[in-house]
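User: Hi! Could you walk me through this model? I have a few quick questions.

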Amino acid sequence: MRSRTALVQQGARMSARVTDVIDRRPLLVDIIAAAVVAAVSLILVSGEQPDEMRPFDELALALTCAMVLLLTARRRAPLAIAVGYSVLWFGYVALGYWPVVNSPGAMLVVYTVAASRSTRSAAVAATLFGVVWTYAGSRSGQISLQIAIAQSIGWIGVIWRVGYTARQLSERNRQLALFTVELGREQEDRAQRAVLDERMRIARELHDVVAHHMSVVSVQAGLAAFVLETDTVTARAALRTVLHTSGEALQEMRRMLSLLDTGPDADEETAGAYDPAPGLDRLDDLVDRVQAAGVPVEVTVSGDRHRLAPGVDLCAYRVVQECLTNVIKHAPGAHTTVRLRYDPDRLTIHVGNGAIDVTAGVPHADPGGHGLAGMRERARLYGGALTAGPRPGGGFEVVLVLPTPVEMGPSADTSPPG
């Protein structure tokens, strides 16, 4: 299969090179074609000619050379060359020379007009060819006028059809070349957009992982430093949380890097050595970490809990994680509620905190951050919507609504997390 593909590619490259040479040096190609026609004419002259025809002499050679020279410009002015060639050929025939000698050149001229000009121009060239051919047939006396007309029509029809097909093929090739260039540009733009989208996705994932875990680590490390000498039990618990949270962050970072490094030759054990992307089934662990950081979290679940699509599950988890992370950053200690409602066709998540800081949970506190924009982009990616803003009684609330087609498989644990 590879060898066949290689042969096809090599043939395509050779064809492209030939086409490139023809396009870049049309005069050279026309000179070669004229030389071939001249060689054919000389072969015909060297053969046996009809007795009633005038012998090929110096005048016939001069007329033949003039017609061959016209062929060198056939592609630059096809119709004009067709008229000039027909006039010289008509004079050649009128002088009594054998018309077959210069008929290959006439066919080439008619083909060139049909292949490069409009149907009307091709009709003019074909008519001139037919008139001269009919005149030559009737003058020779070997065939009747009707046969000469039939021969001219037959030859004209074949040559015109070949030229017309060549013109159509050339036009299609031109359109295909333009389409190929446009397709290449579109693919390049699409590839660039894919790279940018992937960069943004990686940035969001890194932000979600690093921001949450490092926020917990920062709070717990600060607590441990504060009570290190006065409350060793609390300090020890805080350090355990730091150790556990940093280890989990490191594991998620390794999982992401393993996915980025996975290629066609990657070790399957290495690619699958880390846990899958987190979902709402890990909400308990998330809540425990946040509570260990000093933020009381209350989780409630209503509706018939069912398995979610992996992308939707990850989106819901990341939004809740981002909200709780921002509570740790901007409203430490604020009572926070996480309410999940499962409907047959959607999942609705409310995350709100109490009125300690009216900017609590606002991701755009960092103008360059990915928080709120990232959450909204995640929601749009899965056909959902996200709204965020201050609560009437103080505090801040984020509402996420995601469409949730039910996944086939065993049902998830229906007991509420936490």
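Analyst: Happy to; we can go through the sheet, the salt bridges and the surface. Keep in mind that this is a predicted model.

User: Great, sheet to start. What is the strand order, and is the sheet open or closed?

Analyst: The sheet is open and has five strands in the order β1-β2-β3-β5-β4, with mixed pairing. β1 (297-303) and β4 (385-390) stand at the edges with a single partner strand each, so one side of each has no neighbour in the sheet. From one strand to the next, the twist averages 10 degrees.

User: How do β4 and β5 pair?

Analyst: They run in the antiparallel sense, with six bridges, and A388 stands opposite V398 in β5. β4 and β5 also form a hairpin with five residues between them, and G394 in that turn has a positive phi of about 105 degrees.

User: And what about β3 with β5?

Analyst: β3 (residues 346-353) and β5 (residues 396-403) are antiparallel too, over eight bridges. There, H350 stands opposite V399.

User: Which helix lies across β1 and β2?

Analyst: That is α10 (residues 283-292), which runs at about 155 degrees to β1.

User: Switching to charges: how many salt bridges are there?

Analyst: The count is seven. One of them joins R75 and D30, at 3.1 Å from N to O. This pair links distant parts of the chain, since R75 sits in the loop between α3 (58-71) and α4 while D30 is in helix α2, 45 residues apart.

User: Is D30 buried or exposed?

Analyst: D30 counts as buried because its relative accessibility is 2%, under the 20% cut-off. Its partner R75 is partly exposed, at 31%. D30 and R75 also belong to a salt-bridge network with R74.

User: Which salt bridge do you have within helix α7?

Analyst: E186 and R190 meet there at 2.7 Å, N to O. Both lie in α7 (residues 145-227), four residues apart, or about one turn of the helix. E186 is partly exposed at 37%, and R190 is partly exposed at 47%.

User: Last topic, the surface. Which residues make the nonpolar patch?

Analyst: L28, I32, V36 and V40 make a patch of about 320 Å². L28 lies in helix α2 (residues 26-46), and its relative accessibility of 40% makes it partly exposed.

User: And where is V87?

Analyst: V87 is in helix α4 (residues 78-94), and it is exposed, with a relative accessible area of 54%. Its C-alpha atom is 8.7 Å from that of V132, although the two are 45 residues apart along the chain.

Terms used
Residues are numbered from 1 along each chain as its sequence is written. This is a predicted model: local features need pLDDT of at least 70, side-chain atom pairs count only at pLDDT 80 or more; totals for chains, interfaces and linings use all residues. Side-chain values use heavy atoms; hydrogens and water are left out. Patches are made of residues with over 30% relative accessible area and no salt bridge: like charges are joined within 9 Å, nonpolar side chains (Val, Leu, Ile, Met, Phe, Trp, Tyr) within 5 Å. Accessible areas come from the Shrake-Rupley method with a 1.4 Å probe; for residues, only the protein chains shown count as cover. A salt bridge is a side-chain nitrogen of Lys or Arg within 4 Å of a carboxyl oxygen of Asp or Glu. Helices (H or I, at least four residues) and strands (E, at least two) are DSSP runs, numbered from the N terminus. Buried means under 20% relative accessible area, exposed over 50%, partly exposed in between (1.4 Å probe, protein chains only). Two strands pair if DSSP finds at least two bridges between them. Axes are lines fitted to C-alpha atoms, for helices over the stretch in contact, and angles run from 0 to 180 degrees between N-to-C directions. Contact means heavy atoms within 4.5 Å.
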